Each structure stands twice: as structure tokens, then as C-alpha cells.
Amino acid sequence: MRRLTASAISAATLAVAALWWFVPGSYPYGAAAKVTVGVNHWIERGPGVGLMAAAGVLGVLVALGVRSWPRLAGAVAGVLSAFFLLVMSDASVLSSVGYALIPAALLGIAGLVAVGCVRRRPVAYVLAVLLPAGLVASLTMTDAVARYLVNVASGFGEFGGRIAWSWAMAIAAVGWAWLAYGSFARERKAAVPGWGRAVTIAAALCPVPYGVTRLTWATPWPLGGFDPRTGHITLIAVEAGDAATRIQGFLIGLSAVLALVLTLGLISRWGETVPRWVPRLGGRPVPVMLAVGPGVFGAVALSVSAPGVLAGAVQMGSWLDGVLFVVMFPCPIWGPLLGAAVFAYWARRRTAEKPRSAAVAVA
């Protein structure tokens, strides 16, 4: 399976290198690209083709040596994973994830209201009336929601192809990381780290500055943030934009809140056992991979964005703007912290389940 995976990724990499070489217009990176949120913005077509061809050749060598020299092959796979993750992919992956979390957050709110109504909570009844009424009012009294949807659709229509390339590179990075893991860590015992709780809390706090800033866009006193028109960080928004822009910022703020809540679930009781107020599933253990899978996905998306954030911070007009930019988009520390938090959760759950499995086997 590992040889097949390495062969498939290598063949795809060589095919992409050939495409970029023979069809110059297909190259998505470089100074002329519209997206400038990664290291690949500084890689022109010639070097890009060379790097991809070299990665493909190294991948073929990994596929040939994965059985005879598993450690060496694992080390090369780790290098290839870092190359695709930090060089060829970029922060557009995180941007698309942020927008994808918006419907997830809205569905989560709707689900909580529905469960509250089933449990006969008065607050849930009130919200069940107010939330749909507010949506209907916004649709009938203003075109802000319609313009917001148009803005999102036009953005993905313009940058969708470029975002797809970054996703392809991130997927290749995950594939190589899986191969490296299989060569080094799979047979090792995972001890429960004592720093898990502290790291998880630190990871949960990372989206707070951005989330608070964007949530205020739904109020008459919106906070600022990074202004692409001036290239500076503003604490108070001089021009908050139209209603559609405010809706967009507020909904992305909800995504940050969702990220905070899910991260805290890694150290909370409801992250291990489904709360009893959840119909039918209450009291059952939370499947480990249900938390680990999205957590690893989020850590990868954040780590992919780290080089672009650091590059953006360096290009700021002042050191203060650079620091504030990293505070608003703390991907360089958020990604590793979230990855460590997910590992601590996985190690704790795995250690706790082994005695339970042994008891069931004895019984």
C-alpha cells in the first residue's frame, strides 16, 4: 500500500511538471499570479517545473526503496511532505476552509436550537422564532445577504482554480507524511504527555483576536484588522464596508468561534463522551477519529498558511504592523500547537481504551 501510494503521488507530480513545462499558461504560481499568500508567489515557472520534477524523481526512489530501506525512504518522504506543505501549497487552503466552516457553524447553531426545543428549553423556543424571523427580514428588507452570496460565489469563481492547485499540493503533503509516519512512528508506543492541557488551551486561544475582531462587524462599533488597501493593521475600522461585507466578516468570526469550541473539546468531557442531552447518542463514547481527523486536517491547513503569514509580516510597513499581523493570523504557532493538542488527545484516548479492550477480551 505504501509503495502504491508513493508511486501514485510521484506519477502525479511528474505529470504536473510536464503540464507546466509544455503548457506555460497552466502554471498557477509566480509573481504574475493573483494569489500572493505563500512562498510559491516567488517561484517562477522554470524553477517550479524543476522543483516538481525533482520531487517526482525522489518520490520514485522512495517507492523503489520503501521495503528495502524503510528508514531512508521515510526520511525522504518527510522532506517531500515539508516541500509540498510549506513551499508549493499556501494560505488559500485555510481561506477556503474558513468559508466552509461558515455553514458548519450555522448548522451547529440550528442543531443546538432544535435540540433545545426537543428538551423543552424556553430559550430555544425564543431563538427558534427570532432566528428565522431575522433571516426573513434581512431577505425582504435588504439585499445584503444576496450580495454576500454573490461576493462569495464570484470570489471562488475567480480564484477557484488557483485554490484547487494549493489543495492538490496539500493532499500530496499529507500522503508523504503518512508514508513517513509509517516508517518511523507507527510501531512506537505513544505515552500520554503531561503538557496536553496547556497546549490545547494555548491552541484554543489563537483564533480569539481574529474572531473578536470579525464578530464586532455585526455591531455599530466594528474593530479593524488588516486593511489590504493601506497594508496596515488598524484597531478601529474607519470604513467597515457595506452590509454584505459586514455579514461576511461576522460569519467568518463565527468560524473562529467554532474552531475555539472544537479545540477545547480535546480536553473536555464532551470531547470523550457525547453529552447526555444529545438525543439517542447521549452517553456514548466519541469515536477517536471523529476528533483526530478534523484536528489533523486543521493543523495541516494552518501549517500550510504559516510561510505566507510570515512573508506577509516581513513585508509590512513597520515592525508593529508585522507583529499585529501575526497576532491576527497566528498560523506559525497555531498549526503546531493544534497538532500537538490533537496528538495529546489521541495518546490519552488510546491509552484509556487499551485497558477497556483488555477487560472486554477477558470477559
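Here are legends for three close-up views of this predicted model.

**View 1. A nonpolar patch on the surface, built mostly around helix 2.** Six side chains come together here: Leu14, Val57, Leu58, Val60, Leu61 and Leu64 make a nonpolar surface patch of about 500 Å². Helix 2 (residues 45-65) chips in the largest share, five residues. Val60 is found in helix 2, and with a relative accessible area of 35% it is partly exposed. That value puts Val60 over the 30% cut-off for patch residues, so Val60 can count towards the patch.

**View 2. A buried salt bridge between Asp90 and Arg162.** The structure holds two salt bridges, and this view zooms in on the one where the side chains of Asp90 and Arg162 meet at 2.6 Å, N to O. Asp90 sits in the loop between helix 3 (70-88) and helix 4 (92-118), while Arg162 belongs to helix 6 (residues 144-184), so the pair ties together parts that are 72 residues apart in sequence. Both Asp90 and Arg162 are buried.

**View 3. A salt bridge between Glu272 and Arg348.** Here the side chains of Glu272 and Arg348 meet, with 3.0 Å from N to O. This pair also links distant parts of the chain: Glu272 is in the loop between helix 9 (243-264) and helix 10 (288-314), and Arg348 is in helix 12 (residues 331-362), 76 residues apart. How buried or exposed are the two partners? Glu272 is partly exposed, at a relative accessible area of 28%, and Arg348 is partly exposed too, at 26%.

Note on methods: Residues numbered from 1 in each chain as written. Predicted model: local features only at pLDDT ≥ 70, side-chain atom pairs only at ≥ 80, totals over all residues. Heavy atoms only, no water. Patch = residues over 30% accessible without salt bridge, like charges linked within 9 Å, V, L, I, M, F, W, Y side chains within 5 Å. Areas by Shrake-Rupley, 256 points an atom, 1.4 Å probe, with all protein chains shown as cover. Salt bridge = Lys/Arg side-chain N within 4 Å of Asp/Glu carboxyl O. Helix = DSSP H or I, 4+ residues; strand = E, 2+ residues; numbered from the N terminus. Buried < 20%, exposed > 50% of the residue type's maximum accessible area, 1.4 Å probe, protein only.
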